[in-house]
Amino acid sequence: MTWRPQYHSSKYRHVFGKPASKENCYDGVPITQSVHDNHLCAVNPRFIAVITECAGGGAFLVLSINHTGKVDPHHPKVSGHRGNVLDIKWNPFNDFRIASCSEDTTVKVWDIPEHGALRKITVPWKELQGHSRRVSLIEWHPTANNIIFSAGYDYQVLVWKLDVPEQVIKNPVRCISVHSDVVLSMSFNTDGSRLATSCKDKKIRVIDPRSGVLLQESDSKTHKASKVLFLGNLHMLLSTGNSLYNHRQIALWDLKKDLSQSSYSEDLDGSSGVLFPFYDPDTHMLYIAGKGDGNIRYYEISSEKPYVHYLTEYRSPVPQKGIGVMPKRGLDVCSCEIFRFYKLVTGKSLIEPVSMIVPRRSESYQEDIYPLTAANRAALTADEWISGRDKGPEMVSLRPGSELDSSAEHSHDPDCLDGPRASPDEDRSSTSHISNGELDSAPETEQEIRQLLYKQQEEIRRLKEQLLQKDTRIKQLELEIRNQRNSRDTL
């Protein structure tokens, strides 16, 4: 009989969580007191957005990712909703465009100025009106540009196309009416050809997002699902929820079979907070963070039994109310960071970054822990996707100096996907004006001076990063030359 080790061999076995120091946290953030079970936070390589408390309507705060430390209590907000904001999501192909949904039954899409909100922003780029009750969830399509999905308390999932001339859009592309209760979560597979949802009726559904046809539906009596997640290209779903005995539970579903029985399930604990799952399809790592918990569990997923391999967990005495995740292209690859969370700590009005790091002694780029990842470029236009075309995401390397840097440059302009950008000379020679929070004139107030200081600090950080990347590349080239010389000498 062949001997097999009892442990699971993995290069990610010793991943550890590293919380940011106090000066690298965001302090004094008025985090919302809402009990809605959403992330309440959205992050990209340039900004962090957080749903906040606001009198007279709903609002969220947008901070530069480098604007750490104490946050000005009068920092301008994005406030245009008449009801509480329930969910926010950044456009995966445009770092300056964000969508929000609210209790006022609308979805609004906002353009954020390049240097952040220097003025209160109240006029959205697009407003979507189609739900009859409050809207609780929004998701951008993973590969098609200008396609967004919204789910509301009217049990409807609406599909919207944004590249239309109207500022107020009242007619969605598709209305998906297969749910009998409120939709709790939505997740797309890699190319966006399938949509998985979890519902308050405890069922998981797999839907064709273009036609709205129900393809599969779970009918498990032993698992009550609250959140669901596609596991990349593994043809599997992962759900978090509760068992018959009300223990928090994770379950794995094989899409090649019917969804009457899960392929794997595991009880975690007896706590009551909702479990938020996060999956990295590049490393096949699964992270589970519970609302009200201080810890984050992480696992490695495989396509063969036993499927789920527990690695370890990050522990903290500070509980999270919500949590945001940085896209892979915003990670610090020089420190072997493979994932980054942003924990919302309501009691302290604090946002605490937590980096998941693979311990390596070498300071050079580690090719084996950074496979190709999804780029910030759309693979399809909205019309191509609506016409029936499916395509996987554009892939890019995280190696410093690769095309990721050039693609990030194209995302500076909120309209870069819709038209050409003015040249730097034209930008510098433009007349002074204030438009929707963006300031082009010389600073006059203390607030404007502070914002310019943040801008300069961000520019210095960017230049330092470029210098570090070039130094790393020089070291790699020197090492390659040395290896070639040594191999030549041995011959």
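In this predicted model, the charged end of K126 sits over the ring of W125, at 5.1 Å from the ring centre. A second case of a charge over a ring involves R134, which lies over the face of Y153 at 4.1 Å from the centre.

Ring-on-ring contacts come next. The count of aromatic pairs comes to 13. One of them joins F47 and W90: with the ring centres 5.7 Å apart and the planes at 20°, under the 30 degrees cut-off, the pair is stacked. This pair ties together distant parts of the chain, since F47 belongs to strand β4 (residues 47-52) and W90 to strand β8 (residues 85-90), 43 residues apart. F47 has a relative accessible area of 2% and so is buried; W90, at 8%, counts as buried too.

Y299 and Y310 make an aromatic pair of the edge-to-face kind, at 5.4 Å centre to centre and with 65° between the planes. Here, too, distant parts of the chain are linked: Y299 is in strand β27 (residues 296-301) and Y310 in strand β28 (residues 308-314), 11 residues apart. As for accessibility, Y299 is buried with a relative accessible area of 1%, whereas Y310, at 40%, counts as partly exposed. Beyond these pairs, F278, Y287, Y298, F339 and F341 come together as one aromatic cluster.

Now for the nonpolar cores. In soluble globular proteins, nonpolar side chains tend to be buried together. The largest nonpolar core in this model has 33 residues, and I48 and I112 are the ones with the most contacts inside it. Strands β3 (41-43), β4, β5 (58-64), β8 and β30 (337-345) each put in at least two residues, with β4 giving the largest share, five residues. What does I48 touch, once its neighbours within four places in sequence are left aside? The list of contacts runs to Y26, C41, A42, V43, L61, V62, L63, S64, I65, Y342 and I351. There is also a second, separate core of 26 residues, with F276, F339, M356 and Y365 among its members. F339 thus turns up twice, as a member of this second core and of the five-residue aromatic cluster F278, Y287, Y298, F339 and F341.

That leaves the cysteines. The structure holds zero disulfides. C101 has 0% relative accessibility and therefore counts as buried, while C175 comes out at 39% and counts as partly exposed.

Technical notes. Residues are numbered from 1 along each chain as its sequence is written. This is a predicted model: local features need pLDDT of at least 70, side-chain atom pairs count only at pLDDT 80 or more; totals for chains, interfaces and linings use all residues. Side-chain values use heavy atoms; hydrogens and water are left out. A disulfide is a pair of cysteine sulfur atoms within 2.5 Å. Buried means under 20% relative accessible area, exposed over 50%, partly exposed in between (1.4 Å probe, protein chains only). Rings of Phe, Tyr and Trp (its six-membered ring) pair if their centres lie within 6.5 Å; planes under 30 degrees apart count as stacked, over 60 as edge-to-face and the rest as tilted. Helices (H or I, at least four residues) and strands (E, at least two) are DSSP runs, numbered from the N terminus. A charge sits over a ring if NZ of Lys or CZ of Arg is within 6 Å of the ring centre and within 35 degrees of the ring normal. A nonpolar core is a set of buried Ala, Val, Leu, Ile, Met, Phe, Trp, Tyr and Cys residues joined through side-chain atoms within 4.5 Å. Contact means heavy atoms within 4.5 Å.
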